[in-house]
Amino acid sequence: MLLVAAALVALVVQARRDVMADARHRTLTAAQTFANSPGIVAALDSAHPTAALQPHAVAARKAAGVDAVIVYGLNGITLAHSDPRQIGKRVIGPYAAAATGKPFTSTFKGSLGLSVISAVPVRGPDGSVIAIVSVPVTVETVQHRVDRQLPVLLGGAAAAVVVAAGGSGLVSRRLRRQTHGLGPTEMTRMYEHHDAVLHAVREGVLIVGGDSRLLLANDEARRLLHLPADAEGRRVCDLGLEEDLTGLLASDRPATDEVCLAADRLLAVSKRLTAPHGPVSSVVTLRDTTELRALSGRAEVARERLQSLYDAGTRIGTTLDVKRTAEELAEVAVTRFADIVTVDLLDPVLRGEESTGATAGITELRHTAVAGPGAGHPLHHVRDLIRFGPAHPVSTAMAEARPVVIRDLSASHDWQAQQPDRARRILDHGIHSLLVVPLRARGVVLGVVEFWRAKGSPPFEDEDVSFAEELAARAAVCIDNARRYTREHAMAVTLQHSLLPRALPELSVLDVAYRYLPAQAGVGGDWFDVIPLSGNRVALVVGDVVGHGLHAAATMGRLRTAVHNFASLDMPVEELLGRLDELVAQIDAEEAVAAEDGQAMISGATCQYAVYDPVTGRLSIATAGHPGPAVVRSDGTVDFPSLPVSPPLGLGAGLPVETAELTVPEGSRLVLYTDGLIEDRTRDLDAGLEALRDALTGPDRTPEATCATVVEAMLSDRPRDDVALLVARTCRLGPEEVAEWDVPRDPAAVGPVRAACSRRLTEWGLEHVAFTAELILSELITNAIRYAAEPIAVRLLRRVPKNDSAGGTLIIEVSDGSSTSPRLRRAKVTDEGGRGLFLVARFAERWGTRYTSTGKVIWAEQSLHHAAAPEADDLGEILLDQWDDTAV
């Protein structure tokens, strides 16, 4: 822009100068031409010079393109002028030089304004000056000529500016593209940094062209490769480098940290191709790894040991089994750290007991785990009890609670003195080094881990001890956790087994078998029970307390005890579950009050209670949040009866429990179970029920065989939840075992009913208990007639055990329509009656009352095993015992 402006100004000034010079030349030429024109002297000498000269002056002005052609006399009078008005006027001007005969050109302000005037003398024949011819050109005319040139000059200048700007922009854009957008400042800084980094970096940098010529080498590369000063520009094969390095530099393949030999150095060579981001070439970096090579081996060993510790954290302690945890410790350390690993633990640790803090006197350890390639090593077998001498490395490690390293077993006399023959076989096997580390947790030694190295492996060094200690410390914590779990699990199992039925009662109306499988996570709250009731009836119970552990087992024990107590009162099934629901709600309330952190443990529980009557074959059953039973008929078909299900225990909120009444065919099997049998993460409830149906369907089987088949088909070795399974085959009491009579409400009816009962007892071969039975029956019937309401009935039931036909029980039942229950009390001395129930209680094994929908039943059981009728004297003594001697 400055150059164009300067050029424009210079052109304008030059144009003005050229126009002014042209005006001077033109006016001077026109004046000389007119002054020397033929006839001008004659015209001046004529009588009327103006008339003769004026036409010629006008014509000459037009021809010359000047503003005027003026002829003056020597006296200054205008003789001819382009403007006729100026003729005859005296003009004052610088004409003195012309009057003397010298032409001149000057700028003068005359009648036409500021003008460039040239004056030329007109000479006569004698050479004298006779007149003056003046030709002016006004400056305005000259400026007008210059102004006509200005558009051209300005247009040219503008075109030059546009061309210059466009060219500059194109050049700048090309430069920006070639420099990737970097300006001059950035380019300068980049080159400065390039030089600084290239020569200061501690890595060798080479740039090799596509023709295998070395284009650039920094100072470090020259030092590492011992390059000559004129190396740049030469082919890499001419630089005297090793063959492997030369081949890599000359090839077109990339490389990453390839180790190449250069003289006495090991170089890590990395190579990258610049195409397609640049010209065909490659950039090579060189790092001196000679010193790092010695450290890489130790770093690799450290990395492998860190990986081993990490694996130990994930692989050791996957189960809460002491033996399995010891095996995992041995498996983790084998091959990575030792060739053979053995673990020896104290017997109390294996049993889950607390180990004593004193280890100085411990000489016996149980060989618990061993791991190593092959099974032909001469070490002790698993489960062997090893007794160590006081100088043995194991005894030293246990007593002093520190690792013991034996680099050369062949030179260790204390180790060989333990068992010389075994020590010799161990050395012959190639085992040459031993590291013993005690397993310590919470300040208590649990045992030792022994690391063995055989031929092909270096002996143990001091730096191996820290890794072995860390590994043993992690494993010891896991072993101690497993030990504590074993102890707590044993306590919970003991508690649970003490709360579950240890043996089923002997029944004549049901053939019962059961299975109980604890969960993989430990003991739980599932339970079952078989409770004999009055009238040869039997109660079947299964229940499930939510959760696992001691709390669930303890809660289960409380519920089972409560069921026994409620069942002994002969409660109906719906009333018993209602009372059980209240008990669970009370337990939850007590837990909420006792909880210190405000988070009480809710004792969620389910229960199923069923009462089977062998006389009628009726099954009364109620369910509180529990899966319903399965009924397997004698033909092998399976049915799941639809039962009303009440909320789980503790959630009933006082609502009544619904009961179902079923008639079970004789020979059918009742299958009661907890939800752990049919529910699993891998299947839903419907699939579990179908699987149970498939397991139960088939030929008739005994309850024991049914339990075995169901467990095998439905469960794994270690189920996730507790499973309680109860199978009962039903039997009916036939007419030969049941006798019934209706009794009118008349005291005279007691005798005939008693006689009928005596005859039936005779038919049954029970004459030896007839007297006692008649006595009990008379008292019960008399009470019913006197105090109760109709209908009154008597029923005799004979219960004979399957394995003892001579024994059994005679059950006497008297039912009436009253809901009042008699109470046993000691009669006063003055009372005439009140001693009938005392005689019943004295001669019956058990007696009681149960309520029915129409009234109540008073029952008494009399044992048939070695029973005999009481003598009259004995009966008298019993009655007289009711009075004291003073009263008599």
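The exercises below treat the confidence, pocket, cavities, strand pairs and backbone of a predicted model.

Residues are numbered from 1 along each chain as its sequence is written. In this predicted model local features need pLDDT of at least 70, side-chain atom pairs count only at pLDDT 80 or more, totals for chains, interfaces and linings use all residues, and side-chain values use heavy atoms, with hydrogens and water left out.

**Exercise 1. Confidence**

State the average pLDDT of the protein chain, and find stretches where pLDDT is under 50.

Solution.
- Step 1: pLDDT is the predictor's confidence in each residue, from 0 to 100. The protein chain averages 81, and 86% of the residues score at least 70.
- Step 2: Residues 829-833 stay under 50. For this stretch the model has five contacts (heavy atoms within 4.5 Å) beyond four places in sequence.
- Step 3: Residues 882-888 are also below 50, with seven contacts beyond near neighbours in sequence.

**Exercise 2. The largest pocket**

Describe the largest pocket by volume and lining, and explain where it lies with respect to domains 4 and 5.

Solution.
- Step 1: Fix the terms. On a 1 Å grid over the protein atoms alone, a cavity is a set of points where a 1.4 Å probe fits but cannot get out, and a pocket is an open set with protein on both sides within 12 Å along at least five of seven lines. Lining residues have an atom within 4 Å of a point. Grid points are joined across faces, edges and corners, and a volume is the space filled by probe spheres set on the points.
- Step 2: The volume is about 890 Å³.
- Step 3: The lining has 37 residues, and Asp613, Arg850, Tyr851, Thr852 and Ser853 lie nearest the centre. Elements giving two or more residues include α17 (573-594), β20 (605-613), β31 (846-851) and β32 (856-863). Helices (H or I, at least four residues) and strands (E, at least two) are DSSP runs, numbered from the N terminus.
- Step 4: By class there are 15 nonpolar, nine polar and 13 charged residues. Ala, Val, Leu, Ile, Met, Phe, Trp, Tyr, Cys and Pro count as nonpolar, Asp, Glu, Lys and Arg as charged, and the others, Gly among them, as polar.
- Step 5: The pocket lies between domain 4 (500-730) and domain 5 (738-881), because both give residues to its lining. The domain bounds come from an automatic or database domain assignment.

**Exercise 3. Two cavities**

Give the volume and lining of the largest cavity and of the second largest cavity.

Solution.
- Step 1: The count is two cavities of 30 Å³ or more.
- Step 2: The largest cavity holds about 200 Å³. Of its 16 lining residues, His380, Trp415, Arg422, Ile426 and Trp452 lie nearest the centre. Two or more residues come from each of β11 (340-345), α14 (420-428) and β16 (444-454), and α14 has the largest share, three residues.
- Step 3: The classes in this lining are seven nonpolar, six polar and three charged.
- Step 4: The second largest cavity has a volume of about 40 Å³. Cys757, Leu761, Ala773, Glu774, Leu777, Leu796, Leu810 and Ile812 line this cavity. α21 gives the most, three residues.
- Step 5: This second lining divides into seven nonpolar, no polar and one charged.

**Exercise 4. Strand pairs**

Work out how β8, β9 and β10 are paired, then treat β6 and β7.

Solution.
- Step 1: Two strands pair if DSSP finds at least two bridges between them.
- Step 2: β8 (255-262) and β9 (265-273) are antiparallel over six bridges; glutamate 258 is bridged to valine 269 in β9. They form a hairpin with two residues between them, and alanine 263 in the turn has a positive phi of about 60°.
- Step 3: β9 also pairs with β10 (281-288), antiparallel over seven bridges. Here serine 270 has threonine 285 as its partner.
- Step 4: β6 (204-209) and β7 (214-217) are antiparallel over three bridges, with valine 208 bridged to leucine 214. Their hairpin has four residues between the strands, and serine 212 takes a positive phi near 65°.

**Exercise 5. Backbone exceptions**

Locate the cis peptide bond at proline 791 and the positive phi values of arginine 442 and asparagine 536.

Solution.
- Step 1: Most residues other than glycine have a negative phi, and most peptide bonds are trans.
- Step 2: The cis bond joins glutamate 790 and proline 791, with omega about 5°. Proline 791 is in the loop between α21 and β29.
- Step 3: Arginine 442 has a phi of about 55° and lies in the loop between β15 (431-441) and β16.
- Step 4: Asparagine 536 has a phi of about 65°, in the loop between β18 (524-532) and β19 (538-548).
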